[in-house]
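Here is a short briefing for a reader who is meeting this structure for the first time. Please keep the sequence and the model at hand while reading.

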Amino acid sequence: MKGLSNSILSLEPSGIRKMFNMTYGMKDTISFAIGEPDFSAPERATMAANKCNDSGFTKYTPNAGFLPLREKIAGRLREYGINANPEREIIITVGGMESLYMIMLILLNPHDEVIVTDPYWCNYCQQARMVGGVPVSVPVYEKDGFAFTPENVRKAITDKTKMIVINSPANPTGGVTDLPVLEELAKIAVEHDLYVLTDEVYKSFLYDGRTHHSIATLPGMKERTLLVDSFSKTYAMTGWRVGYTVGPQEIISQMVIAQEGICSSVNSSAQLGAIAALDDPPREMEECLELFDRRRRLIVDGLNSIRNISCQMPAGAFYAFPNISLSGMSSEDFAVSLLKQEGVVVIPGSAFGAAGEGFLRLCYATSDENIMRGVERIERFVKKNT
Ligand code: PLP
């Protein structure tokens, strides 16, 4: 039998999956592992999708996605200062995930390098490797709110560098990249003629009055930026699998061609549901943000009250990234023992790169009660083991 492809053999199962697998058959667990909102998709989206199915509007859609959805997205993007032509500069994809994969597929030749933060969201590295690319990670630090230090990005650039990935707000750290850093990164991208992939799927989850800035709006960036967003997090539509890329016409048109050979098009009723979701009354998002903000404070204050744990207040997304280095345990030992002794599921920081060692990721998109019970159990675990 001939072997599998080298790119596939270079992939490793994610640390998140490893933790999930360990929970099978366990009872009375409290999970901070799953990165998805715990509320339901908007009713108007569900109704629109049901109506689509009931009326038999169930055929393939254009490869680029329904034009009315692209038009509506273009309208919402203008609120962030982004002007995109819905016919030529937007493609609807199977979640943000397919957008990310296709961008790697279309831009990377074998051995091309992609700069990511460390800690990183593992899929950037996996996807780059799947198409023969090489992820190059640049450590980011707690003291900088886990945003890139532009000087370190500069140092990581080689003649093979093709793209920088920015994820703000970030998974797994909750870090936000502020405008001055984005401006520096934009200068670097222009100077070295690099593409920038900006993953903005958590842009609706920003706290303390922060506003979202997209690097796509900065001078010289529109022609080299691929902006990825999705309905998964903002509208709690993770299972619907609707996302999109906004970018230069030459790249979007290639993505449309690739889409035909990958999945042809996104589920038709999910696209109509997404159109309806975009009608959100702003109050709805405000209420959701208030709820997440309260949970953010609850979990961070709770973690900070535990000996040997310190946790910065994350500026965005819905992840806390506490520092457990004073516990004397590796993040994996901490997470595995915590699960075995107390049934609490957290992800070891080392699952997100070497710089994640000494940290844990806890998703706080869960009830106040779970947060309080989970923190209590973590405290009991720390008292017993450190
Ligand atoms: N980007 C980041 C940073 C994520 O955390 C996720 C999902 O967890 C995605 C993109 C992709 O989400 P989806 O494919 O559901 O849109």
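The points below cover sheets, aromatic rings, charges over rings, cysteines and one helix residue.

This is a predicted model. An open sheet of seven strands appears in it, and three strands form another open sheet. The structure also holds 15 aromatic pairs. A search of the whole structure finds zero disulfides.

**The seven-stranded sheet**

- The strand order is β2-β8-β7-β6-β5-β3-β4, and the pairing is mixed.
- Strands β2 (90-93) and β4 (134-139) form the edges, and each pairs on one side only.
- Neighbouring strands of this sheet are turned by 25° against each other on average, direction ignored.
- Inside the order, β7 (residues 225-230) pairs with β8 (residues 243-246) in the antiparallel sense. Four bridges join these two strands.
- D229 stands opposite Y244 in β8.

**The three-stranded sheet**

- Here the order is β9-β12-β11, with antiparallel pairing.
- The edge strands are β9 (319-320) and β11 (347-348), and each pairs on one side only.
- Two bridges connect β9 with β12 (residues 360-363), again in the antiparallel sense.
- A320 stands opposite L362 in β12.
- As background, strands of a sheet pair through backbone hydrogen bonds, either parallel or antiparallel.

**Aromatic rings**

- Among the 15 aromatic pairs is that of F39 and F292, with ring centres 6.0 Å apart. Their planes stand at 90°, so the pair is edge-to-face.
- This pair links distant parts of the chain, 253 residues apart. F39 sits in the loop between β1 (30-31) and α3 (43-54), while F292 belongs to helix α11 (residues 282-304).
- F39 is partly exposed, at 28% relative accessibility. F292 is buried, with a relative accessible area of 0%.
- F334 and F381 form another edge-to-face pair, 5.0 Å centre to centre, with 65° between the planes.
- That pair also links distant parts of the chain, 47 residues apart: F334 lies in helix α12 (residues 331-342) and F381 in helix α13 (residues 368-385). Both F334 and F381 are buried.
- Ring pairs join F39, Y202, F205, F292, F318 and Y319 into a cluster.

**Charges over rings**

- R295 lies over the face of F292, at 5.2 Å from the ring centre.
- K203 lies over the face of Y80, at 4.9 Å from the ring centre.

**Cysteines**

- The whole structure has zero disulfides. For C52, the nearest cysteine sulfur is that of C263, 16 Å away.
- C52 is buried, at 2% relative accessibility.
- Why is C122 not bonded to C125? The closest cysteine sulfur to that of C122 is in C125, 6.9 Å away, which is too far for a bond. A disulfide needs the two sulfur atoms within 2.5 Å.
- C122 counts as buried too, because its relative accessibility is 13% and buried means under 20%.

**S269 and its contacts**

- S269 lies in helix α10 (residues 268-277).
- S269 is buried, with a relative accessible area of 9%.
- Which residues does S269 contact, leaving aside its neighbours within four places in sequence? They are A49, C52, N53 and W240.
- One of these contacts, C52, is itself buried at 2% relative accessibility.

Technical notes
Residues are numbered from 1 along each chain as its sequence is written. This is a predicted model: local features need pLDDT of at least 70, side-chain atom pairs count only at pLDDT 80 or more; totals for chains, interfaces and linings use all residues. Side-chain values use heavy atoms; hydrogens and water are left out. Buried means under 20% relative accessible area, exposed over 50%, partly exposed in between (1.4 Å probe, protein chains only). Two strands pair if DSSP finds at least two bridges between them. Contact means heavy atoms within 4.5 Å. Axes are lines fitted to C-alpha atoms, for helices over the stretch in contact, and angles run from 0 to 180 degrees between N-to-C directions. Rings of Phe, Tyr and Trp (its six-membered ring) pair if their centres lie within 6.5 Å; planes under 30 degrees apart count as stacked, over 60 as edge-to-face and the rest as tilted. A charge sits over a ring if NZ of Lys or CZ of Arg is within 6 Å of the ring centre and within 35 degrees of the ring normal.
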